[in-house]
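Biologist: I would like to learn how to read a model like this one, feature by feature. Could we go through it together?

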Amino acid sequence: MSRHAKKLRDHDTNPCVAETDATTKCMNDNNYNKDLCTDYFLMYKNCRRFWHEIMMQRKRSGVKPEMPSAEERKKILESVGKPY
């Protein structure tokens with residue numbers, strides 16, 4: 001597996017691994033018919049949007065690292081509920 005592929009699978013750097021996997025599974029199960037996987041694409045898009053906003057807030061506040069670790073993200077989701 002390439003370094004880039006490993007980075008995309010790393011739960012500490014990619015908060016939307018589960019949504020990515022669900023989208024890929026849907027596409028595989030439905031012969032790559034995007035129309036049947038719209039909900040999965042929306043969940044992925046909303047996940048990315050949510051975590052990007054968190055990352056930008058942390059960046060503006062000077063918090064490092066800008067992307068929370070997997071453990072921190074779990075706590076954030078518990079406190080706000082799953083927003084996507």
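Modeller: Let us begin with asparagine 31, which sits in the loop between H2 and H3. Keep in mind that this is a predicted model.

Biologist: What is the phi of asparagine 31, and what should I make of it?

Modeller: The general idea comes first: most residues other than glycine have a negative phi. Asparagine 31 is not a glycine, yet its phi is positive, at about 55°. This residue comes just after H2.

Biologist: Is asparagine 31 buried or exposed?

Modeller: The cut-off for exposed is over 50% relative accessible area. Asparagine 31 counts as exposed because its relative accessibility is 70%.

Biologist: Which value does the phi of tyrosine 32 take?

Modeller: Tyrosine 32 has a positive phi of about 60°, although it is not a glycine. Tyrosine 32 is also placed in the loop between H2 and H3. With a relative accessible area of 55%, tyrosine 32 is exposed.

Biologist: Now the helices. How many helices and strands are there in the protein?

Modeller: The protein has four helices and zero strands, so from the N terminus the order of elements reads α-α-α-α.

Biologist: Why does the span of H3 agree with its number of residues?

Modeller: The idea is to multiply the rise by one less than the number of residues. H3 has 24 residues, so at 1.5 Å a residue it should span 34 Å, and its end C-alpha atoms are 35 Å apart, which agrees. You can try this on H2 as well: its 13 residues, 17-29, reach 18 Å from the first C-alpha to the last, close to the 18 Å expected.

Biologist: Which residues of H3 are buried?

Modeller: They are Cys47, Phe50, Trp51, Ile54 and Arg58, and they pack against H2 and helix H4, residues 70-80. In H2, the buried residues are Val17, Glu19, Thr23, Cys26 and Met27.

Biologist: Arginine 58 catches my eye in that list. Why does arginine 58 count as buried?

Modeller: Buried means under 20% relative accessible area. Arginine 58 has 12%, so it is buried. To see what surrounds it, look for contacts beyond residues up to four places away in sequence: arginine 58 touches Val63, Lys64, Pro65, Glu66, Met67, Pro68 and Glu72.

Biologist: What does isoleucine 54 contact when its sequence neighbours are left aside?

Modeller: Beyond neighbours within four places, isoleucine 54 is in contact with Pro68 and Ile76. Isoleucine 54 also belongs to the largest nonpolar core, whose seven residues are Cys16, Cys47, Phe50, Trp51, Ile54, Met67 and Tyr84.

Biologist: And what comes just after H3?

Modeller: Glycine 62 does, with a positive phi of about 80°. Further on, look at the peptide bonds.

Biologist: Which form does the peptide bond from lysine 64 to proline 65 take?

Modeller: Most peptide bonds are trans. The bond from lysine 64 to proline 65 is cis, with omega near -10°. Proline 65 lies in the loop between H3 and H4, and is one of the residues that arginine 58 touches.

Biologist: To finish, how many positive and negative side chains does the protein have?

Modeller: There are 17 positive and 12 negative side chains, and the centres of the two sets are 5 Å apart. As for the whole protein, buried residues make up 21% of its 84 residues, and carbon and sulfur atoms supply 53% of the roughly 6,300 Å² that it exposes.

Definitions and conventions:
Residues numbered from 1 in each chain as written. Heavy atoms only, no water. Helix = DSSP H or I, 4+ residues; strand = E, 2+ residues; numbered from the N terminus. Buried < 20%, exposed > 50% of the residue type's maximum accessible area, 1.4 Å probe, protein only. Core = buried A, V, L, I, M, F, W, Y, C linked by side-chain atoms within 4.5 Å. Contact = heavy atoms within 4.5 Å. Areas by Shrake-Rupley, 256 points an atom, 1.4 Å probe, with all protein chains shown as cover. Lys, Arg positive; Asp, Glu negative; His and termini not counted. Charge placed at Lys NZ, Arg CZ, Asp CG, Glu CD.
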